[in-house]
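Work through the exercises below with the sequence and the coordinates at hand. Each task is followed by a solution in steps.

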Amino acid sequence: GAYTSGGAWIEASSREFKENIMELDQEESLQALESLKPVRYNYKNKKDEEFLGFIAEDVPDLVAMNGRKGMRAMDIVAVLTKVVQNQQKKISEQDQINHKMSELLKKQTEIISELKERIKELEQK
């Protein structure tokens, strides 16, 4: 399911190699993201070099590999992508609401100014 290209490890991702393809659920992605515990560590055989990542035994089932001895970075990327996509959707929806509210506030301000002007005119009569 993988190959090297120019010295880089490439995970095979073509539809040609896959089956049972289902869209990742937003709720399970968010739960998985919230359950991830990023850590700093060094490998026992590389005491002088620090790494960032996760402990395979501690990750949520959605991103865990059989045996829980390793992890695939693409699993974490998929979870992050799904959560960020949903956040972007919510931001866009909120921007639309904010724009509408701004327009309403502008109209209210104009109406209030007109009413103040009318009251002022009536008081002068």
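The exercises treat a hairpin, a helix, one buried residue and two pockets.

The model is predicted, so local features need pLDDT of at least 70 and side-chain atom pairs count only at pLDDT 80 or more, while totals for chains, interfaces and linings use all residues. Residues are numbered from 1 along each chain as its sequence is written, and side-chain values use heavy atoms, with hydrogens and water left out.

**Exercise 1.** Determine how strands E1 and E2 are joined.

Step 1. Strands are DSSP runs (E, at least two residues) and helices likewise (H or I, at least four), numbered from the N terminus. Two strands pair if DSSP finds at least two bridges between them.
Step 2. E1 (residues 2–5) and E2 (residues 8–11) run antiparallel and are joined by four bridges. Ala2 stands opposite Glu11 in E2.
Step 3. Two residues lie between the strands of this hairpin, and Gly6 in the turn has a positive phi of about 60 degrees.

**Exercise 2.** Compare the span of H2 with its expected value.

Step 1. The expected span is 1.5 Å times one less than the number of residues.
Step 2. For the 52 residues of H2 this gives 76 Å; the end C-alpha atoms are 75 Å apart, which agrees.

**Exercise 3.** Establish whether Gln26 is buried or exposed, and which residues it touches.

Step 1. Buried means under 20% relative accessible area, exposed over 50%, and partly exposed in between (1.4 Å probe, protein chains only). Gln26 has 18% and is therefore buried.
Step 2. Gln26 is found in helix H1 (residues 26–35). Contact means heavy atoms within 4.5 Å; not counting residues up to four places away in sequence, Gln26 touches Lys82, Val83 and Asn86.
Step 3. Lys82, Val83 and Asn86 are among the buried residues of H2, and what covers the buried residues of H2 includes H1.
Step 4. Gln26 and Lys82 are 56 residues apart along the chain, yet their C-alpha atoms are separated by 6.3 Å.

**Exercise 4.** State how many residues line the largest pocket and the second largest pocket.

Step 1. On a 1 Å grid over the protein atoms alone, a pocket is an open set of points, where a 1.4 Å probe fits, with protein on both sides within 12 Å along at least five of seven lines; lining residues have an atom within 4 Å of a point.
Step 2. The largest pocket is lined by 21 residues, with Lys18, Ile21, Met22, Asp75 and Ala78 nearest its centre. Helix H2 (residues 73–124) gives the most to this lining, with seven residues.
Step 3. The second largest pocket is lined by 14 residues, and Tyr41, Tyr43, Phe54, Ile55 and Ala56 lie nearest its centre.
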